[in-house]
Amino acid sequence: RSSDLYYKGIYCGSTYELCWVIHAIDHGIEFTRFPGYVEANGKKYYPDFLLGDGKTIVETKGYEKIEAVDIKTKIA
């Protein structure tokens, strides 16, 4: 289930995001919320996080159909 909350000042739009944020902080992984969205062919994709390298997107989902993953990968 989705639940909007904050952990150490970081917005988490779901409990999956919360778990990833806790893991990243505990392991010293640098990241930020993704600032906005990416768009291609009229489709918008709102990624969850961006790693400290500035180019690796992290998307947290419990389950997602492969078709949706393929679309997001092409857009990103």
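Below are a few exercises on this predicted model, each with a worked solution.

Local features here need pLDDT of at least 70 and side-chain atom pairs count only at pLDDT 80 or more, while totals for chains, interfaces and linings use all residues. Residues are numbered from 1 along each chain as its sequence is written, and side-chain values use heavy atoms, with hydrogens and water left out.

**Exercise 1. Get the overall layout**

Work out how many helices and strands the chain has, and in what pattern they come.

Step 1: Settle the terms. Helices (H or I, at least four residues) and strands (E, at least two) are DSSP runs, numbered from the N terminus.

Step 2: Tally them up. The chain has two helices and seven strands.

Step 3: Walk along the sequence. The pattern reads β-β-α-β-β-β-β-β-α.

Step 4: Box it in. Along the principal axes, the C-alpha atoms fill roughly 35 × 30 × 20 Å.

Step 5: Check burial. Buried means under 20% relative accessible area, exposed over 50%, and partly exposed in between (1.4 Å probe, protein chains only). Of the 76 residues, 26% count as buried.

Step 6: Look at contact range. With contact meaning heavy atoms within 4.5 Å, 22% of the contacts between residues at least 6 apart in sequence join residues at least 24 apart.

**Exercise 2. Put the sheet together**

Find the strand order of the open three-stranded sheet, then say which strands are at the edges.

Step 1: Use the pairing rule. Two strands pair if DSSP finds at least two bridges between them. As background, strands of a sheet pair through backbone hydrogen bonds, either parallel or antiparallel.

Step 2: Read off the order. It is β3-β6-β7, with antiparallel pairing.

Step 3: Pick out the edges. β3 and β7 (57–58) each pair on one side only.

Step 4: Zoom in on one pair. β6 and β7 are antiparallel over two bridges, and Leu50 has Ile57 in β7 as its bridge partner.

Step 5: Add the helix. α1 packs on this sheet and touches β3, β6 and β7. Its direction makes about 150 degrees with that of β3, where axes are lines fitted to C-alpha atoms (for helices over the stretch in contact) and angles run from 0 to 180 degrees between N-to-C directions.

**Exercise 3. Track down the salt bridge**

Identify which residues form the one salt bridge, and explain what the pair ties together.

Step 1: Set the cut-off. A salt bridge is a side-chain nitrogen of Lys or Arg within 4 Å of a carboxyl oxygen of Asp or Glu.

Step 2: Name the pair. Glu17 and Arg33 do it, with their closest N and O atoms 2.6 Å apart.

Step 3: Place both partners. Glu17 sits in helix α1 (residues 15–26) and Arg33 in strand β3 (residues 31–33), so the bridge ties together parts 16 residues apart in sequence.

Step 4: Compare their surroundings. Glu17 is buried at 7% relative accessible area, whereas Arg33 is partly exposed at 28%.

Step 5: Check the backbone of Glu17 too. Its nitrogen lies 3.1 Å from a polar atom of the Ser14 side chain. Ser14 is in the loop between β2 and α1 and is buried, at 11%.

**Exercise 4. Map the core**

List the residues of the largest nonpolar core and decide which element gives the most.

Step 1: Define it. A nonpolar core is a set of buried Ala, Val, Leu, Ile, Met, Phe, Trp, Tyr and Cys residues joined through side-chain atoms within 4.5 Å.

Step 2: List the nine members: Ile10, Cys12, Leu18, Trp20, Val21, Ala24, Phe31, Phe49 and Val58.

Step 3: Sort by element. β2 and α1 give two or more residues, and α1 gives the most, with four.

Step 4: Follow one member. Beyond its neighbours within four places in sequence, Val58 is in contact with Trp20, Asp48, Phe49 and Leu51.

**Exercise 5. Compare three loop residues**

Are Lys8, Asn41 and Pro47 buried or exposed?

Step 1: Start with Lys8, in the loop between β1 (5–7) and β2 (10–12). Lys8 is exposed at 62%, and its phi is positive, near 50 degrees, though it isn't a glycine.

Step 2: Move to Asn41, in the loop between β4 (38–40) and β5 (43–45). Asn41 is exposed at 80% and is another non-glycine with a positive phi, about 50 degrees.

Step 3: Finish with Pro47, in the loop between β5 and β6 (49–51). Pro47 is buried, at 4%. Leaving aside neighbours within four places in sequence, Pro47 contacts Phe34, Gly36, Tyr37, Ile57 and Glu59.

Methods
Polar contact = N/O pair within 3.5 Å; in protein donor to acceptor, adjacent residues only side chain to side chain.
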